[in-house]
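The exercises below concern enclosed space in a protein and what surrounds it. Please keep the sequence and the model in view while working through each step.

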Amino acid sequence: MAARVMQEKCTGCGACADVCPVEAITVEGVAKINEEECIECGACVDECPNGALSLD
Ligand code: SF4
């Protein structure tokens with residue numbers, strides 16, 4: 001299961017996209033995860049200053 005973005009918490013800062021090792025995140029207003037590219041590393045979940053990403 002790929003990381004998920006809680007859109008109501010995302011400010012579109014791009015911190016997640018900067019740390020994603022496989023460039024699976026693009027920011028278009030809010031972050032969007034490419035579910036086929038995500039390797040579930042959790043880096044974006046740890047990096048997000050707003051707690052907007054989860055991996056459960
Ligand atoms: Fe990228 Fe890892 Fe987040 Fe998946 S869990 S979107 S691979 S940083």
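A cavity here is a set of grid points, taken over the protein atoms alone, where a 1.4 Å probe fits but cannot get out, and a volume is the space filled by probe spheres set on those points. The model is predicted.

**Exercise 1.** State how many cavities of 30 Å³ or more the structure holds, and give the volume of the largest cavity and of the second largest cavity.

Solution. Begin with the count, which is two cavities of 30 Å³ or more. Then take the volumes: the largest cavity encloses about 90 Å³ of space, and the second largest cavity has about 70 Å³.

**Exercise 2.** Describe the lining of the largest cavity, and identify what takes up that space.

Solution. First, 14 residues line the largest cavity, and those that lie nearest its centre are Ala3, Cys20, Cys38, Cys41 and Cys44. Next, sorting the lining by class gives twelve nonpolar residues, one polar and one charged, where Cys counts as nonpolar and Gly as polar. Finally, the space taken by the ligand is this largest cavity. Residues around the ligand include Cys20, Cys38, Glu40, Cys41, Gly42 and Cys44, and the shell around the ligand divides into ten nonpolar, one polar and one charged.

**Exercise 3.** Which residues line the second largest cavity, and how do they divide by class?

Solution. Among the residues of this lining are Cys10, Cys13, Cys16 and Cys48, together with Thr11, Gly12, Gly14 and Asn50. Val27, Ala31, Ala52 and Leu53 also belong to the lining of the second largest cavity. By class, that lining has eight nonpolar residues, four polar and no charged.

Definitions and conventions: Residues are numbered from 1 along each chain as its sequence is written. This is a predicted model: local features need pLDDT of at least 70, side-chain atom pairs count only at pLDDT 80 or more; totals for chains, interfaces and linings use all residues. Side-chain values use heavy atoms; hydrogens and water are left out. On a 1 Å grid over the protein atoms alone, a cavity is a set of points where a 1.4 Å probe fits but cannot get out, and a pocket is an open set with protein on both sides within 12 Å along at least five of seven lines; lining residues have an atom within 4 Å of a point. A residue is near a molecule or strand if one of its heavy atoms lies within 4 Å of it. A molecule sits in a cavity or pocket if more than half of its atoms lie within 2 Å of its grid points.
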